[in-house]
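Open the model in your viewer and keep the selection tool at hand. The tour moves from stop to stop, with a selection to make at each one.

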Amino acid sequence: MGLFNVTHPASFLLTGIPGLESSHSWLAGPLCLMYAVALGGNTVILQAVRVEASLHEPMYYFLSMLSFSDVAMSMATLPTVLRTFCVDARNIAFDACLIQMFLIHSFSMMESGILLAMSFDRYVAICDPLRHATVLTNQVIAGMGLAVTSRSFITLFPLPFLIKRLPICRSNVLSHSYCLHPDMMKLACADITINSIYGLFVLVSTFVMDLFFIFISYVLILHSVLAIASRDERLKALNTCVSHILAVLAFYVPMIGVSTVHRFGKHVPRYIHVLMSNIYLFVPPVLNPLIYSAKTKEIRRAIVRMFHRIKI
């Protein structure tokens, strides 16, 4: 019996990729490699920002927050994904599934908020460079990080209880190798209107609004850059935004793809739904450290110096 006196299964069964069950052991290798890149790359960036005094600036503090959220997201999905693909251990306890669901959605929202904070940093740095250091002080940056974290956990705190109140008796088989709110609520044999409305409210009030304000910030940045007389200075200003733009695309393009397939792709094969969700959760943590390492020379130099000291 559940918290709201309804019937819940003792556990759920996770699913890898439908139709490719026989290839799960082969897919385990690439998945392990992706997790190694995500965890290793983001940990290196976190350490580089911590030990390199030259990176103690707002842009890199926000980057360290992004790396932390990527590490946390990878750690939230890693246990069930590797158990499903490596050893075909598909069971997950009901309460453990609720916790994983909450963590995955929270860290995803946290990443969205951090990308918005990073766009504000780029806006101030380009549009009002003389006040950049006074506007984005360490206290302000810490406050923004706390606000992003608090928003994620407070907004999503009701989700586990919204699932707990539903009787789940249709099936206990989930569509992914991890737990998500839309996937879990579809197994309920009761009205899920409240869950659907709250899920849509969260999506619009956080992710959509974050993307909207990121777009507005870049409209203002572009307007400011076009007012610069020198072509070289314009390119130099825009070049400081390239890494952030790529990170935004790596995060929001898969999210929009997942939302589109979920809303309108009723007749799309099931493995496409699963593949899109996997891309959304797995790709940004892998790409972000590669993007910032490749496109930001200060990060590259700091990493080289850090490993050189270790070698010595």
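Select M59, R122, K236, T240 and E298: of the 20 residues that line the second largest pocket, these lie nearest its centre. This is a predicted model, so take the positions as such. The pocket has a volume of about 560 Å³. Now colour α2 (58–86), α3, α9 (231–239) and α12 (297–311), which each supply at least two residues of this lining. The largest share comes from α9, with 4 residues. By residue class, the lining holds 8 charged, 7 nonpolar and 5 polar residues.

**Next stop: the largest pocket**

Select H105, L180, P182, V258 and H262. They lie nearest the centre of the largest pocket, which has 38 lining residues. About 1000 Å³ of space lies here. Show α3 (94–127), α7, α8 (193–226), α10 (242–264) and α11 as ribbons; each gives two or more residues to the lining. How many of the lining residues are nonpolar, polar and charged? The split is 21 nonpolar, 12 polar and 5 charged.

**Next stop: the aromatic pairs**

The structure holds 11 aromatic pairs. Select Y178 and F282 as sticks. Their ring centres are 6.1 Å apart and the planes stand at 80 degrees, so this pair is edge-to-face. Trace each partner back along the chain. Y178 sits in the loop between α6 (158–164) and α7 (181–185), whereas F282 belongs to helix α11 (residues 270–295). The pair therefore ties together parts that are 104 residues apart in sequence. Are these two residues buried or exposed? Y178 is buried, at 0% relative accessibility. F282 is buried as well, with a relative accessible area of 9%.

Now move to F251 and Y252. They form an edge-to-face aromatic pair, with 4.9 Å from centre to centre and 90 degrees between the planes. F251 counts as buried at 2% relative accessibility. Y252 is buried too, its relative accessible area being 3%. Add F207 and Y280 to the selection: with F251 and Y252 they form one aromatic cluster.

**Next stop: the cavities**

Leave the pockets and look for enclosed space. The count comes to 3 cavities of 30 Å³ or more. The largest cavity holds about 80 Å³ of space. Which residues line it? Select L31, M34, Y35, A38, M73, S74, T77, L281, F282, P285 and V286. F282, already seen paired with Y178, is one of these lining residues. The elements that give two or more residues to the lining are α1 (24–51), α2 and α11. Of the lining residues, 9 are nonpolar and 2 polar, with no charged residue.

**Last stop: the annotated segments**

Finish with the UniProt record. An unreviewed entry there lists "transmembrane region" for residues 26–48, 60–82, 94–120, 140–163, 211–229, 241–259 and 271–291. Colour these ranges, then select two of them in turn. Start with residues 26–48. The chain is 100% helix and 0% strand over this range, and the end C-alpha atoms are 34 Å apart. Then take residues 241–259. Here the chain is 95% helix and 0% strand, with 27 Å between the end C-alpha atoms.

Methods. Residues numbered from 1 in each chain as written. Predicted model: local features only at pLDDT ≥ 70, side-chain atom pairs only at ≥ 80, totals over all residues. Heavy atoms only, no water. UniProt positions renumbered as here; feature names shortened; annotations may be inferred. Phe/Tyr/Trp six-rings, centres within 6.5 Å; stacked < 30°, edge-to-face > 60°. Buried < 20%, exposed > 50% of the residue type's maximum accessible area, 1.4 Å probe, protein only. 1 Å grid on protein atoms, 1.4 Å probe; cavity = no way out; pocket = protein on both sides within 12 Å on 5 of 7 lines; lining within 4 Å. Points joined across faces, edges and corners; volume = space filled by probe spheres on them. Nonpolar A, V, L, I, M, F, W, Y, C, P; charged D, E, K, R; others polar.
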